[in-house]
Structure formats: C-alpha cells, structure tokens
Amino acid sequence: MSQQQTIVSAVSPQDAPERVWEAFRRWGYLQASLDPLGDLEPLPMPELEVTGPDAEAARRCYCGSIGVEFMHMPDRERRQWIQERMESEAPEPDRARILELLIRAEVFEQVLQTRYLGTKRFSLEGETALLPLLDAILNAAAEQGAEKAMLAMSHRGRLNVMVHTVGRDAAEVFAHFEDVDPRSVLGSGDVKYHMGATGNFHAANGRDLGIHLVSNPSHLEAVDPVLMGRTRSKQMRRGAEGTRLVVPITMHGDAAFAGQGVWAETLTMSNLEGYTVGGSISIIVNNLIGFTTAPRDSNSSRYSSDLAKRLPIPIFHVNAEDPDAVVRVGRIALEYRSAFGSPVVIDLIGYRRHGHSEVDDPTITQPLRYRKIEAHPPLYKIYAENTGTDPNPTLERVREEIEAARQRAKELENSPLMRKLPRYWNKYTGGRYQESFEVPTAVPQQTLVSIGQSLVKPPEGFHVHPKVKKLLEQRLEMVEGKRPLDYGMAEALAFGSLIVHGVPVRLTGQDSRRGTFNQRHAVLTDIENEEEYVALQHLSDDGTWCEIYNSPLSEAGVLGFEYGFSRDYPEALVLWEAQFGDFANGAQIIIDQFIAASEDKWNLLSGLVMLLPHGYEGQGPEHSSARMERYLQLAARDNIQVCYPSTAAQYFHLLRRQALRSWRKPLVVLTPKSMLRNPSAASPLDALANGAFQPVIPDPGDGSAKRVLICTGKIGHELNAARKRRNDDSIAVVFVEQLYPFPQAQLTAELERYTDADFVWVQEEPANMGAFSYIMPQLERATGGRPVLSVKRSAAASPATGSHKAHEMEQKTLITLALGNPEVESAEGGH
Ligand SMILES: Cc1ncc(C[n+]2csc(CCOP(=O)(O)OP(=O)(O)O)c2C)c(N)n1
C-alpha cells in the first residue's frame, strides 16, 4: 500500500489525532493562505477533509499564512525540529520595527518614482515584506554569532535592499540616478541595479554584521554559484567556525528560480564536501509573474520552489502580506540552517505593483490581476490598520529623511562606489599589463627534488594501484633527473612549490583528482580500503591548504563557484578544469559576464585559471577544440590571459607566474591531451630550475630559414617532427605560447631575424576557428607589414571530423601544406 493511500484511509474523523496531524504536516501547505490577491487558490485535498478539534488545530498551524514542505525529508530529527516550531506559539514580533521597515521600503520607491519618472528601478512594492524578512534573518544570524552575511539578488528591490539592509547611504543610490560623472565610465561600468554594495547591519542584540551584496549581471541566477564560492572562500579564512560566521542569502524571482538551470546546479553542490557553505537561505521574491509571463507558462508544477524539493531541505511558503508570519519564517529558517547546516528555501508570495519595470504597462497582459492590484492598498497601510498604529508620523519622518538624501546626492561629485574591498586585496592589482609585474618563477633544483620525493611517497602501509605505483616510480626518476618531466609532474611540482611557499591551491573539475587523461593522480586511492591520500596536503609546515576535488557534472555552476572563490582568495591559486575544453561553453554566461567583464563593469578582479584540454587528435567534433577563438574575441584591455604552453616547463612556469605575480587576471590555459605523453613536450628538470615562462619560443636556428612557421601549441611539435623527417633546415618553427596579451615585442624580435623568409601561420583548427582571425593582423604588425600566409582546415560548421581516418588525412595535408609542398600550396595555401 502506498503512503498516500495510508493517509487517505487515516483521516476519517474517528481516526487517531496523530494521523490527522500527519495529514496536515504533509499536505497542509497546499491549502495554506499564501497569495495576498487570492490567485493561487487552495488545492482540494481529500486528505484534509476532516473535522474535529485536532483538525482545526492542525489547520491553524499548517494552513495559515505559512505553508511548509518538510515531510519529504527522510531525517526524522529534522522533521521534528520543524514540527515543534510550527506547532508552538509564534514569538511576539517587534511590530514597530516591522512597520518602520514597510514604510521605509514604500517611501523610498515613491521618491524614486516621482523624482526619476521613466527610469527603471524594479520596485519592491508588493513585496515590501522582504525588508522585515531579511531583518529577521540577520537578527537571528547575529544571535547565533555570525559576523558576515553574503547577499545575492537580481534587479527586483535591489536598490531598496542596498539602503535598508546593506546600510548604504540613500544619497549614494540617488547619485547613480543623477549619473553625475558619465565621462568616468565611457565604454565600461554597469547599470545601478547591478552594482555591489558593502555595509553593516546593526542587529537588535547590539552586534554589527558585515553585509556584502555581490555585484551581478542581468543574466538571472548566474550569480548564485558565484555567491556560494565567495562565501566558502570567506568561511575558509575563518577556519573551523567559518560556516557559522558567514551566512549566504540568495534572493530570486519566481520565474528565474524555476527556469534557470544554474540554480539547480548550485543546489546540487550544496552538500558536497568541496563546495558546501553550511547551508544557504534562499528567498523567492515571488510576485507570481515573470515580466509578462504567468506562472502557468513558466513552471510545470504548482510552486516555483518545487525544483528545490528534490533535496532533503525545508521549503517555507509565506504570505507576504502577513509580516508577522514572514519574520517568524525568517527566524526559523536561520535557526534551521544553524542547527543542521542545511539550505532552506523561503517562498515569499506577494505581487508586483507596477509593470516589470516602471516604464512597462502590465495591464496589457494581466488586466484582471492589475485591476485587483490597483485597488489594493500598500502593505504598510494594511499592517498599520491591523496593529492599530497611526503610520503618519513615521511616514512623514521617513519621507523627509529620504528627500534630504536625494538633495545630498546632487552634491556628490562622482557616482560613489558602494563597495569596499577587503584588506587581503591590498597586495594585488589589475589594469593594464606592466613588465614590472614579472617575478622569478624558477625553483632551485634541490627544492624541486625534495618536493618531488615527498609527492611520490604515500604513507606507510598505503596500497597503491600497480599502474599508479609505476607512474610514481617514473615521477621519482623525473626529479632525479633520469627522465624528462611530463606535464603531470610539472603541474604537481608547480602546485607543490607554491604550497611550500605558502600559496594555497584549489583545483576542481570533473574527475580532476585522478585527471581525465590519467595524468594527475593528485589523490591516491588505497586499493584495499579506498582510503584517499593527497600528498600535496602534507607538504606545508605552516598550514597552507590544498583542495583538490572532483566536481559534480556541471560547468556553469562549478565555474561560477570557482570564480567566486577566487574573488575572495587572491592569495590562492584557484583552478577550474573542463573535462574537455569545449564543455566550458556550458558555462558561457560565467565566462562572458564575470570572468571576461567583471573588471570592466565592476572593477573587480580575479586570478582564476581555466584549464581547457585542447588539440586535434581525431576524437571527433566535440573533444578536439576548446574554442580558443571565443576567448580571443573576449580579450580586450588586458582583461584576461590566453596561453597555450607547449612544454611541461612552460606549464610549470605559467602556473607559478599566475600565482606569484601581483597582477590578478583570469588565465585561460589550453591544456594538453596527446601532448601529455609526447616526449618532445617533456622538459628536463633543469628547465624548471631555471628560466621563466616564455610568451614566444623562438626557433633555435640561426635566422637563415626561408620559411617561418608560426603556430601555437601541439601542432608545433608535429611541424617540428615533420621538419626533422625531411631534414630541412630552411624551415623554422616559432611557438606563440601567450596569445593574449599579445607578445608583440617578443614576436617582432624573433621574426626580424628572418630577413628573407616566407611567414606562415599554421593552425589545426578550421579557418573560422582557432586563433586565425585574431592573430593575422597581429602577425602582420609583427612582420612590419610583410605578408603572412596561412595554413588551416577549411572553414567548418563543426570543429572537427568524426572520422579518425579523415582526421589523419586532414592532419597530413595540413602539415604538408605548412612545410611547403609548392604544388598543393598554390592550390590551397595562402590566405
Ligand atoms: C538568463 C536571463 N534570461 C532572460 C532575462 C530577461 N528577463 C529579465 S527579468 C525577467 C523576468 C524575471 O521574472 P522573475 O524571475 O519572476 O523576477 P521578477 O522580475 O518578477 O522579480 C526576464 C525574463 C534575464 N535577465 N536573464
């Protein structure tokens, strides 16, 4: 018999009271009174068609202004915890404070409306209970000893929250409406309702809570994983108590909550060791509309919150027009998070007084609902009446205060920055590249040897897989100078040497612990008991941490998280690895809106590294290209770095350079697949103990070459091998290792050596992909206007062929053309 049937038969009037209560605990939320305008009607539920004193009492607890979903949670203790709170008397709220906040919310919007008519502000009216809700959560957090709250939200009510929750001066917000200094942001900056803000919340218990509302793009929900990453970062700084001390709060529109997959990905990460933040409080600012779209068209189930129900976490629906119930939920939510380290969802159901923005007419698409809204008084009036308070004195005082702030705004000379960066950013800088940023990256040979030896030695009694054992033996030979280093070992030594130097390292990605290509083995697994050992975690004497995690099968969520983490840990080397480079397109929003543009829009820096396996090896259309063209198109004003290191030593120096320079810029690295095991990409230990990352690797020849092949990455090794086979000294091969910022001076110096040569750009990718479009003008500048030919695959709709044999034929033709087979070249070469 199913559980549902059990309950149906359970709730006849003569049934035991406990059964009646069970029915309301399980289904009561479907009949709760949640919608101030009554459009969300109670769902008929035979299970709840019962009478009697218990039924009445249970109905009062579970079908009032709060509807809670918690019976899907398997943990009995957690269900009981909620049950106890729902079935006990609600504590007396501070009604004067609630009224003050409701009035403030309303008046602030009204002043904006009258003074800046026709400007978008995305009013909070209809959902003003958000302010007392946040107030309740933050007060409860302060009581639990929290010292910081990290907030993320989209457009709706953001300006109001900045002033009344984050504690920014209203004058600063108004100053952005005045747009007092447009020249300072020509071609950059962002709109006012995307800006971040830092401030303080003064809790009722006398404590101050630092608040940070994070900058976010228009792309709804993209900020969610970023907030979680930032939160974890701040929690890690605070050690074991971190999750209690820093509380993340996300706010969502109802349409976005249901619709955007990145939020689902973020929830998936919530209880994973590598990503947990001890639970977030997520508020759906639910106005039962998305722009012009009704819930029936934007969600396949009754509540937009249903997405969250796949996790064992509670969901509180609450009528936004019952502020006492709203603050009660806020407190319960925070206390639940504290008790169980779990996420909690609050679905605050209200309405939207105006159109999507204030310039939009909602009566075109929702004429009936808006007729109701027009006749509906603002919440503060309803609340004042219900509580028998005269709102007018507060109303007058608040209006004067906000008007005064508006006057002050005109006197502010520049649009003030509402954010303050934490101290740990003092040492780091962004802006344009300067040579003075360079630092030594070589590591003394003795240090490398000793790190290498520790890395290959698992603890006594650890049962290493025979294949891994062999690999560790080879790695030992590498540091002993008996065999050249491969990428895997070069990376391990880069991480290890940074950790020894006090630089924390965090790397995540799908299967990154072992490595997709069986190349990393940063985490060893005991073949007898599956215990794990991370040698990199045992190198430091001073507690420098190292985190290496397999990520869930997500790109947007995980990359967003790591970007966020890097934003608050500039001292650490933070890396995200795609399984294959092209999968990063699942995270395109994070790349476009945060990684490439956050410095330009918000003056916020990140040193995040993206590792993108790349290279044409006949694996098909989808495992060949990391789409370097996309990063090169995004590159401007030194916003990112794009590099394709062609040797193990280059990779080593590149990673160390990224961590050790004070310049904090995202770094996109095209990483090897077949090159991992290509002897010509291996490096002697000496190359790690000396030298530095070379943006251009010159040809070793004397400059007499007649044909100079310019390329990047793997193809260069194939060109070298072919040249060798031909024994042709008239060909030179030059590697451009750093594609952006473009090493114009170094390349010019190299190309100037060839006074009488043809220059040819060679790439594996089709003509409409790879570096071709980006690099040709750069090369012509570097050759001083001398023509540059090119060899590449024909333009194509998809990056590579699905046939391995076809790939080999193409690759062969490419190399032949590059080396200069005169007959074929005149037919197909040139550009
Ligand atoms: C990813 C993304 N797609 C589309 C939009 C365009 N857009 C902006 S607001 C909005 C409606 C949002 O509705 P909801 O999430 O319910 O929030 P509300 O505006 O009602 O508070 C849409 C579709 C966007 N900003 N981001």
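Reader: Why is Pro422 called partly exposed?

Author: Its relative accessibility is 24%. Buried means under 20% and exposed means over 50%, with partly exposed in between, so Pro422 counts as partly exposed. Do keep in mind that this is a predicted model.

Reader: Thanks! Where does Pro422 lie?

Author: Pro422 belongs to the loop between helix 17 (392-411) and helix 18 (445-455). In sequence, Pro422 and Asp568 are 146 residues apart, yet from C-alpha to C-alpha they are 8.5 Å apart in space.

Reader: What makes the pair formed by Ser218 and the ligand a polar contact?

Author: A polar contact is a pair of N or O atoms within 3.5 Å. A backbone N or O atom of Ser218 lies 3.0 Å from a nitrogen atom of the ligand, so this pair qualifies. Leu220 also brings a backbone N or O atom, at 3.1 Å from a nitrogen atom of the ligand. With Asp254, an N or O atom of the side chain is 2.9 Å from an oxygen atom of the ligand.

Reader: How much of the ligand's accessible area does the protein cover?

Author: On its own the ligand has 580 Å² of accessible area, and the protein covers 75% of that.

Reader: And which residues around the ligand come nearest?

Author: There are 15 residues around the ligand, and the nearest are His155, Arg156, Asp254, Ala256 and Ile289. Sorted by kind, the shell has five nonpolar, eight polar and two charged residues. Helix 11 (residues 254-259) supplies the largest share, three residues.

Reader: What makes Met610 stand out in the largest nonpolar core?

Author: That core has 139 residues, and Met610 is among those with the most contacts inside it, along with Leu493, Leu536 and Leu612. Helix 20 (residues 487-500) gives the most to this core, with nine residues. Leaving aside neighbours within four places in sequence, Met610 is in contact with residues including Leu559, Trp576, Ile591, Tyr631 and Val668. Another core, of 106 residues, lies apart from the one with Met610, and Leu34, Ala146, Ala203 and Phe316 are among its members.

Reader: Which residues of helix 16 are buried?

Author: In helix 16 (residues 379-387), the buried ones are Leu379, Tyr380, Ile382, Tyr383 and Ala384. Each of them is therefore under the cut-off of 20% relative accessible area. Their cover includes helix 5 (95-115), helix 14 (323-340) and helix 17.

Reader: What comes just after helix 16?

Author: Gly388 does, with a positive phi of about 65 degrees.

Key. Residues are numbered from 1 along each chain as its sequence is written. This is a predicted model: local features need pLDDT of at least 70, side-chain atom pairs count only at pLDDT 80 or more; totals for chains, interfaces and linings use all residues. Side-chain values use heavy atoms; hydrogens and water are left out. A residue is near a molecule or strand if one of its heavy atoms lies within 4 Å of it. A polar contact is a pair of N or O atoms within 3.5 Å; within protein, one must be able to donate a hydrogen and the other to accept it, and residues adjacent in sequence count only if both atoms are side-chain atoms. Accessible areas come from the Shrake-Rupley method with a 1.4 Å probe; for residues, only the protein chains shown count as cover. Helices (H or I, at least four residues) and strands (E, at least two) are DSSP runs, numbered from the N terminus. Ala, Val, Leu, Ile, Met, Phe, Trp, Tyr, Cys and Pro count as nonpolar, Asp, Glu, Lys and Arg as charged, and the others, Gly among them, as polar. A nonpolar core is a set of buried Ala, Val, Leu, Ile, Met, Phe, Trp, Tyr and Cys residues joined through side-chain atoms within 4.5 Å. Buried means under 20% relative accessible area, exposed over 50%, partly exposed in between (1.4 Å probe, protein chains only). Contact means heavy atoms within 4.5 Å.
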